[in-house]
Amino acid sequence: MLKVKDLMRVNPPLLSQEQGLPDAVDMILNSGYLGLPVIDAGGGLIGFVSEQDLISESYHCDSHTLVKDVMRHDPLSVSAQLSVLELAERFGKGQPKIFPVVEDGIVTGLVARGQVMKSLSHSLQSCRVA
């Protein structure tokens, strides 16, 4: 059975809580994801910033606003060992569309709903052939 580790993006872009909003906006846009994890100096997950979090703040042109001022401080995460089926169920329950993958307290990857959809599509195509 497929696991999150089989789908996740390894070494994803990560935000620091001390980064300014312009830099965070650029990183999220360039990542292709709807948001990015915020880590501490040791790589531990301490927050998450989504496009939605940034949209309302970015229009104020406040150059002193930092990631820590807008991040969610209670981010959800998943283990690399979680099955893709369990992950799909979480996506189906209205949870976030993207999860940081955390192993031993360190962010090791990122997995998004689109990656699960691609896996599902591949699986369904295999069924048609059989």
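A polar contact is a pair of N or O atoms within 3.5 Å; within protein, one must be able to donate a hydrogen and the other to accept it, and residues adjacent in sequence count only if both atoms are side-chain atoms. Keep that handy for what follows.

This is a predicted model, where local features need pLDDT of at least 70, side-chain atom pairs count only at pLDDT 80 or more, and totals for chains, interfaces and linings use all residues. Residues are numbered from 1 along each chain as its sequence is written, and side-chain values use heavy atoms, with hydrogens and water left out.

**Exercise 1. Work out the surroundings of glutamine 19.**

Step 1: Find the residue. Glutamine 19 sits in the loop between S2 and H2 (helices are DSSP runs of H or I with at least four residues, strands are runs of E with at least two, both numbered from the N terminus).

Step 2: Is it buried or exposed? Glutamine 19 is buried, at a relative accessible area of 14% (buried is under 20%, exposed over 50%, partly exposed in between, with a 1.4 Å probe and protein chains only).

Step 3: Look for polar partners. The side chains of glutamine 19 and aspartate 23 make a polar contact of 2.3 Å. The glutamine 19 side chain also reaches the backbone nitrogen of serine 16, at 2.6 Å.

**Exercise 2. Describe the sheet and the helix packed on it.**

Step 1: Get the order. Three strands form an open sheet, S2-S3-S4, with mixed pairing (two strands pair if DSSP finds at least two bridges between them).

Step 2: Check the edges. S2 (15-16) and S4 (45-50) each have a single partner strand, so one side of each lacks a neighbour in the sheet.

Step 3: Zoom in on one pair. S2 and S3 (residues 35-39) run parallel, over two bridges, and serine 16 has isoleucine 39 in S3 as its bridge partner.

Step 4: Add the helix. H2 (residues 21-31) packs on the sheet and touches S2, S3 and S4 (contact means heavy atoms within 4.5 Å).

**Exercise 3. Explore the largest nonpolar core.**

Step 1: Pick out the well-connected members. The core has 16 residues, and Leu15, Val38, Val49, Leu54, Val67 and Ile98 touch the most other members (a nonpolar core is a set of buried Ala, Val, Leu, Ile, Met, Phe, Trp, Tyr and Cys residues joined through side-chain atoms within 4.5 Å).

Step 2: Which element gives the most to this core? H2 does, with three residues.

Step 3: Look for another core. A second, separate one has 13 residues, including Met8 and Val78.

Technical notes:
Axes are lines fitted to C-alpha atoms, for helices over the stretch in contact, and angles run from 0 to 180 degrees between N-to-C directions.
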